[in-house]
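Colleague: I have a few questions about this one before lunch. Can you put it up?
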Amino acid sequence: MRCSLSLLTSVMILSAPAVGLAQSPKFNVGTPLSQEEILGFDFMIGPEGKELPAGRGTAKEGAVVFAKRCEVCHGQNGERGVLRRLVLGSPGKPYGGPFKENEKDSVAYYPYATIAWDYINRAMPVPKPGSLTHDEVYAVVAFLLYRNGIIQETDVMDAKSLPKVEMPNRNGFVPAVPVYPPEPKPSWW
Amino acid sequence: MDSSGSGRRRFLKHAAALAGVGVGAGVGAEWAARGQSAKAEGAAKPEVQAKDGNDHRELLRRGARFSVDHITYYTPLQDYAGIITPAQLHFVQYHASHFPDIDAQQHRLTIHGMVDRPLSFSMDDLKRLPSVTRIHFLECHANSSPMIHGAGNPNMGPPVQYVHGMTSCSEWTGVPLSVLLNEVGVQKEGTWLVSEGADPGKFSHTLPMAKAMEDVLVAYGQNGEPLRVEQGYPIRLLVPGWEAPFSVKYLRHIKVVDQPYHAWNEAMNHSVARPDVGGKARWYHYQFGPKSVITRPSAGLKMPGRGYVQITGLAWSGGGVVKKVDVSTDGGKTWKEAKLQGPVVPRAHTRFTFDWAWNGEEAVLMSRCTDELGEVQPSRAENWGFSDEESKKPQRSIHTNAMQPWRVARDGSITDAMFS
């Protein structure tokens, strides 16, 4: 049963995109989106950072923004807030893990630096998500990466440099590259 | 959209949500009824005083937790019958401070990325397309985690509502996502998609294209009514059998992409360290394995007396249909098959019953689910990759489907025997 089902799934994976290609719209429902409209909301940022917009920021600039907009919850330098400790390690000394359960909020835990930009841009700060400018988001991310010991204080973060930041916990995840269907293990693994 | 509406309106909504919480957090039908009347009258304060001497205020506090970035309700599994969870009792594990105030007339679902024809769909568009209605469970990836069995966490522990109550089952109605993906024309590089909700936290999640094409719905109906606000009104993804975070609520954008996008929640919050892979974090769990729990009698309740008592509970599996549930009254030494109560449908809660005569002696009640794939519900050690010794410590784990033992004492009291 299990075997035949896996086989079926494999066949579907091979065929599903092909089906999408071969078929033309059946119902012609929905309104076409222009490229311009798409650019207005295309802000889910992948690990390669293809969607990152123009803008730039450094840790020094980020320190100012962080103190004004983030410190109230996350504490001074993101270390001792009432909510979600964002910084482990210190400038020049990245935290190597292992990560305890309550340490997974730290930027040091993220496998890609783009995750910080993506989440801060769309969901932070809590009272007014989306209210930071793109420059401010780059700056806050630079500040957090610097305080976590991952980049230098003078490093400029922008659409080109941010995806290239090597995160110390990049290899902390299993499987390293998520696949579907998953490896043949019990479903609860 | 996130914070439109006047402060007062938002306050009233929040108050109504709180009154609804009274419903979600109540301990029985009586409570559900009270919560409803409080809601109907627009009362800002849920009634929590009870005449039976129990501290329902305490249960309310535990049942629905609010913080700057979380809202949580638990389904009162010990109190309901059958397999359908009333929408107002459906669990909530929400990653923002307040529910969004969305105008369905203005709401749009966009699908773009690696597609031939990027499109925007209004609610009218979605509702004119072919719909399907199916019964499916949803379960939080963190449901039943060892951390919430009470040890060291005063907010958690019995009754079963607060241990396993982040699973619920509904009849969902919506458009198959495959229909919409066919309209936009997925390009051959488009092997994954990533979705975004319109909630303040912009909850986002990756989904493999093969699953999206298989049985995923863009749902607008739940148990015959529109989605409730706390369930994603006006639309949500419904990804059958998989961890609930895949089922993005307040759905507004889908982007077809060529790789997992590692949104904040999935990359960070939903990964968990496993000792059997050198302490690295397991991420991208997909479907839930076979699972079951006895809901009555269960911890926090009291045995009604010696003699006949029906054991009943729920079983489910992301792998499809529940094939069999076995029940043990001696802590797993011996097992007997329980009766499955219809309907038994794939990836849905399935009600089981078992006739038992309690002789007044100590007993340990357990259930064990087998699904159509032949997978069997594991022990906690198998489940979490710990040695049996390690697994006795209530550590954090997610994606949990271990068997749950309840200990019945001679005085009729029932406790959680998972870690004792």
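Modeller: Here it is, and note that this is a predicted model. One place to start is helix H5 of chain A, residues 114-123, which is mostly covered.

Colleague: How many of the residues of H5 in chain A are buried?
Modeller: 10 of its 10 residues. Among them are A:Trp117, A:Asp118, A:Asn121 and A:Arg122.

Colleague: What do the buried residues of H5(A) pack against?
Modeller: They pack against H6 of chain A and also against helix H8 of chain B, residues 264-269.

Colleague: Which helix gives the most to the largest nonpolar core?
Modeller: The core itself has 141 residues, and those touching the most other members are A:Tyr110, A:Ala116, A:Val140, A:Val141, A:Ala142, A:Leu145 and B:Val218. The top contributor is helix H6 of chain A, residues 134-147, with 10 residues.

Colleague: What is A:Leu145 in contact with, leaving aside its neighbours within four places in sequence?
Modeller: A:Val107, A:Ala113, A:Ile150, A:Ile151 and A:Val165.

Colleague: Changing topic. How many residues of chain B are in contact with chain A?
Modeller: 69 residues of chain B, which meet 51 residues of chain A. On the chain B side, the classes come to 28 nonpolar, 25 polar and 16 charged residues.

Colleague: Which strands of chains A and B are joined by bridges?
Modeller: Strand E4 of chain A (residues 173-174) and strand E15 of chain B (residues 281-282) run parallel, with 2 bridges between them. A:Phe173 sits opposite B:Ala281 there.

Colleague: What is the strand order in that open sheet?
Modeller: E4(A)-E15(B)-E14(B), with mixed pairing. E4 of chain A and E14 of chain B (272-273) are the edges; each has a single partner strand, so one side of each has no neighbour in the sheet.

Colleague: And E14(B) with E15(B), parallel or antiparallel?
Modeller: Antiparallel, over 2 bridges. B:Val272 has B:Arg282 as its bridge partner in E15(B).

Colleague: Moving along chain B, which strands does E17 pair with?
Modeller: One is strand E16 (residues 291-296), which pairs with E17 (residues 307-316) in the antiparallel sense over 5 bridges. In that pair, B:Lys291 is partnered with B:Trp316. Another is strand E21 (residues 350-358), antiparallel to E17(B) and joined to it by 9 bridges.

Colleague: Which residue stands opposite B:Ala315?
Modeller: B:Thr350, in E21(B).

Definitions and conventions. Residues are numbered from 1 along each chain as its sequence is written. Chains are lettered from A and ligands numbered from 1 in the order in which they are written. This is a predicted model: local features need pLDDT of at least 70, side-chain atom pairs count only at pLDDT 80 or more; totals for chains, interfaces and linings use all residues. A nonpolar core is a set of buried Ala, Val, Leu, Ile, Met, Phe, Trp, Tyr and Cys residues joined through C-beta atoms within 7 Å. A residue is buried if 20 or more other C-beta atoms lie within 10 Å of its own, exposed if 12 or fewer, and partly exposed in between; C-beta atoms are placed from the backbone. Helices (H or I, at least four residues) and strands (E, at least two) are DSSP runs, numbered from the N terminus. Two residues are in contact if their C-beta atoms, placed from the backbone, lie within 7 Å. Ala, Val, Leu, Ile, Met, Phe, Trp, Tyr, Cys and Pro count as nonpolar, Asp, Glu, Lys and Arg as charged, and the others, Gly among them, as polar. Two strands pair if DSSP finds at least two bridges between them.
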